[in-house]
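Reader: Hi! I'm new to this one and would love a friendly tour. Could you walk me through it?

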Amino acid sequence: MNRLKLILIIFFTAGLSAAVTSAFWLAAFNRGHVEDRSAPAAPVAPQARAPDLVLGPSGLAIPVLGVKAQQLSDTFTQARSGGRVHDAIDIMAPHGTPVVAAAPGTLEKLFFSKGGGGITAYVRSPDGKWLFYYAHLQDYAAGLHEGQAIRQGDPIGRVGSTGNANPAGPHLHFAVYQMAPGQKWYDGTPVNPYPLLAGRR
Ligand SMILES: [Zn+2]
């Protein structure tokens, strides 16, 4: 009788121990599983909307589709008429080549300047500290409007020669301005876009 009792106790203890152990591993597994599900999703590639985007070392995209960094030239300090300095780079491309946003932001101003940039667009960075200027456009992208949220790679318009550009040499005049607090779209301090896009001077 004592012997049967002992055997029962042994079986009971072994069963209880197995149950506790499996409960522990089930809990551990489930916790791991939950953590996996809450892990952050893989970041969405910024060029998702424009697969041909070329990103410079600064993270800025070359704003004319199909243009490579080696094709850019640094004309930032070139003289312009009236004793002005260029303060921008010209990205040469055929009429109608898509112009896309180099960086995200808000479309602050659509402006036409007959004797200057022609059909132009100004996009301010989300932190307000940078302004990206696209000029001599042939036209705007469909539906483009002031106040619009712009993602990197979003269509701005097409390469043209409006304003004071030579129709024989269509290009995007692209400028980057550093903006002090309160500065308007026509203000700002020009920063050379060339090293930002091409990574060298
Ligand atoms: Zn220019």
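Reader: Let me start with the shaky part: over which residues does pLDDT stay under 50?

Author: That is residues 19-48, where pLDDT stays under 50. This is a predicted model, and for that stretch it has four contacts beyond four places in sequence. Where pLDDT is low, the predicted coordinates should not be read in detail.

Reader: Good to know. What does the protein chain average for pLDDT?

Author: The average is 83, and 74% of the residues score at least 70.

Reader: And how many helices and strands are there?

Author: The protein chain has two helices and 11 strands. Going along the sequence, the pattern reads α-β-β-β-β-β-β-β-β-β-β-β-α.

Reader: Nice. What share of the 201 residues counts as buried?

Author: 30% of them count as buried. On contacts, if you take those between residues at least 6 apart in sequence, 62% join residues at least 24 apart.

Reader: Which residues touch the most other members in the largest nonpolar core?

Author: That core has 39 residues, and the ones touching the most other members are Val-64, Val-99, Phe-132, Tyr-133, Tyr-134, Leu-172 and Phe-174. Elements giving two or more residues to this core include strand S7 (130-140), strand S10 (171-178) and helix H2 (193-198). S7 gives the most, with six residues.

Reader: Can we zoom in on Phe-174? What is it in contact with, leaving aside its neighbours within four places in sequence?

Author: Phe-174 is in contact with Pro-63, Ala-88, Ile-89, Ile-91, Tyr-133, Tyr-134 and Pro-193.

Reader: Ala-88 caught my eye. How far is its C-alpha atom from that of Tyr-194?

Author: The two C-alpha atoms are separated by 8.3 Å, while the residues are 106 apart along the chain. Tyr-194 is found in helix H2. Tyr-194 counts as buried because it has 22 C-beta neighbours inside 10 Å, and the cut-off for buried is 20 or more.

Reader: Let's switch to strands. Why is S9 described as largely enclosed by the rest of the structure?

Author: Because four of the five residues of S9 are buried.

Reader: So how many bridges join S4 to S9?

Author: Three, and those two strands run antiparallel. One pair to look for is Pro-98 with its bridge partner in S9, Arg-158. S7 is also joined to S9 by three bridges, again antiparallel, and Tyr-140 stands opposite Gly-157 in S9.

Reader: What about S5 and S6, how many bridges there?

Author: Seven, with the strands pairing in the antiparallel sense. A hairpin joins S5 to S6 through four residues, and Ser-113 has Gly-118 in S6 as its bridge partner. S5 (residues 105-113) also pairs with S8 (residues 149-150), antiparallel over two bridges. There, Gly-105 stands opposite Ile-150 in S8.

Reader: Last topic: backbone oddities. Which residue has a positive phi of about 65° although it is not a glycine?

Author: That one is His-136, and you will find His-136 in strand S7. For background, most residues other than glycine have a negative phi. His-136 counts as buried because it has 28 C-beta neighbours inside 10 Å.

Reader: And what is phi of Asp-87 near?

Author: Phi of Asp-87 is near 60°, a positive value in a residue other than glycine. Asp-87 is found in the loop between strand S2 (84-85) and S3.

Reader: Is Asp-87 buried or exposed?

Author: Asp-87 is buried, with 21 other C-beta atoms within 10 Å.

Technical notes: Residues are numbered from 1 along each chain as its sequence is written. This is a predicted model: local features need pLDDT of at least 70, side-chain atom pairs count only at pLDDT 80 or more; totals for chains, interfaces and linings use all residues. A nonpolar core is a set of buried Ala, Val, Leu, Ile, Met, Phe, Trp, Tyr and Cys residues joined through C-beta atoms within 7 Å. A residue is buried if 20 or more other C-beta atoms lie within 10 Å of its own, exposed if 12 or fewer, and partly exposed in between; C-beta atoms are placed from the backbone. Two residues are in contact if their C-beta atoms, placed from the backbone, lie within 7 Å. Two strands pair if DSSP finds at least two bridges between them. pLDDT is the predictor's confidence in each residue, from 0 to 100.
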